Amino acid sequence: MNLIALSAGAPNVFDGESPDRICRRPTRAELHAYPSPSPARGRALVYAGGGYLQLMHDKEGVEIAQWLNTLGLDAHVLVHRLPGQDGQPFDIALQDGLLALDHLATLPPLPLLHVGLSSGGHLAGVMACQRESAGAVIAYAPLNANHRDHKFPAGKPDFPPPEKQAFYDAWPIGIASQPHGLPRCPVFLAYALHDPVVPVAHALNLIAAAQQHRLDVEAHVFPQAEHGFALRELAGTQDQWPALAARWMGEKLGNPNFA
């Protein structure tokens with residue numbers, strides 16, 4: 001792993017031990033780079049979840065990067081700062097994501113994928129609206145139904161801190177009336193049908209927008225899955241999602257036998 005500091009600040013500290021490290025108070029933007037052991041077919045920017053309150057660095061970052069390595073992708077896990085924490089602005093995760101894109105633009109060119117789980121999937125969707133890319137892989141992410149005007153279930157309280165709610169309000173990904181939040185690339189979705197944390201309505205809203213705007217969206221909804229399945233909780237039909245995502249990524253990168 002190679003560590004690249006993207007902003008000023010002290011190096012990030014992780015609580016716990018591998019493979020369950022969590023970054024609870026990110027102090028600077030960092031990329032943790034995991035090069036493919038074989039010639040890379042593409043590059044992935046990976047966003048771990050944690051509700052914009054912490055980052056599940058190993059489960060939804062490092063383990064995803066290492067899986068992408070097996071597919072021939074260079075993977076970079078973004079450790080981004082959190083909205084409202086230590087005085088950070090509401091869009092600090094987006095700002096740090098743009099710093100990551102600027103760094104990746106200095107590397108030899110490869111097609112870029114955004115890969116994000118849970119709140120990291122929301123950030124992947126936000127980043128997919130910024131610049132051209134090959135696609136975005138998003139799993140069980142609060143894409144849009146945390147926006148105060150589109151909440152599901154209706155009447156759900158605003159999220160603390162206020163900056164977190166403001167970020168969801170600014171970037172409801174896949175709401176047709178919010179065209180700046182429509183991804184500029186193909187999107188792959190993996191969701192849990194009965195997820196009480198991130199209702200499947202988030203995916204359904206994006207699917208409806210995709211139909212209206214003729215976006216390229218492939219969606220899979222798994223009835224046995226619970227929130228946070230990642231690559232660990234696969235005792236159900238969700239055990240198929242890594243292979244489905246690998247096939248999809250291969251198609252978008254022009255490698256039909258990618259998986």
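In this predicted model, Val 217 touches Val 187, Leu 189, Leu 206 and Ala 210, leaving aside residues up to four places away in sequence. Val 217 lies in strand β8. Its relative accessible area is 23%, and since buried means under 20%, Val 217 counts as partly exposed. Along the chain, Val 217 and Leu 99 are 118 residues apart, and their C-alpha atoms are separated by 27 Å.

**The sheet around β8**

Let's step back to the sheet. It is an open one made of 8 strands, in the order β1-β2-β4-β3-β5-β6-β7-β8, with mixed pairing. β1 (2-5) and β8 stand at the edges with a single partner strand each, so one side of each has no neighbour in the sheet. From one strand to the next, the twist averages 20°.

Here are three of the strand pairings, with an example of facing residues for each.

| Strand pair | Bridges | Direction | Example of facing residues |
|---|---|---|---|
| β5 (residues 112-117) and β6 (residues 135-139) | 5 bridges | parallel | Gly 116 and Ile 138 |
| β6 (residues 135-139) and β7 (residues 187-192) | 4 bridges | parallel | Ala 139 and Ala 190 |
| β7 (residues 187-192) and β8 (residues 217-222) | 6 bridges | parallel | Phe 188 and Glu 218 |

Two helices link up the β6, β7 and β8 stretch. β6, helix α4 (residues 162-170) and β7 make a right-handed β-α-β unit. From β7, the chain crosses through helix α5 (residues 201-213) to β8, and this β-α-β crossover is right-handed.

Why is β7 described as largely enclosed by the rest of the structure? Because 6 of its 6 residues are buried. Both faces are covered: on one side sit Val 187, Leu 189 and Tyr 191, and on the other Phe 188, Ala 190 and Ala 192. Two residues of that first group, Val 187 and Leu 189, are also among the contacts of Val 217.

**Helices on the sheet**

For β5 and β6, which are joined by 5 bridges, there is a helix to look at as well. Helix α3 (residues 119-128) packs on the sheet and touches β3 (42-47), β4 (73-79), β5 and β6; the direction of α3 makes about 150° with that of β5. α5 packs on the sheet too, touching β7 and β8, and its direction makes about 150° with that of β7.

**Helix α1 and Glu 60**

Now for α1 (residues 58-70), the helix that holds Glu 60. This helix is mostly covered, with 11 of its 13 residues buried. The buried set runs through Asp 58, Lys 59, Glu 60, Gly 61, Val 62, Glu 63, Ile 64, Ala 65, Trp 67, Leu 68 and Asn 69. Their cover includes β2 (30-34), β3, β4, β5 and α6 (241-252). Just after α1 comes Gly 72, which takes a positive phi of about 85°.

Which side chain of opposite charge is nearest to Glu 60? That would be Lys 59, at 5.2 Å. A salt bridge has to fall within 4 Å, and Glu 60, though buried, has none.

What does Glu 60 touch, not counting residues up to four places away in sequence? The list is Val 46, Tyr 47, Ala 48, Gly 49, Gly 50, Leu 117, Ser 118, Tyr 140, Gly 228 and Ala 230.

Note on methods: Residues are numbered from 1 along each chain as its sequence is written. This is a predicted model: local features need pLDDT of at least 70, side-chain atom pairs count only at pLDDT 80 or more; totals for chains, interfaces and linings use all residues. Side-chain values use heavy atoms; hydrogens and water are left out. Buried means under 20% relative accessible area, exposed over 50%, partly exposed in between (1.4 Å probe, protein chains only). Two strands pair if DSSP finds at least two bridges between them. A crossover is right-handed if, with the strands pointing away from the viewer, the path from the first strand over the helix to the second runs clockwise. Axes are lines fitted to C-alpha atoms, for helices over the stretch in contact, and angles run from 0 to 180 degrees between N-to-C directions. Contact means heavy atoms within 4.5 Å. Lys and Arg count as positive and Asp and Glu as negative; His and the chain ends are not counted.
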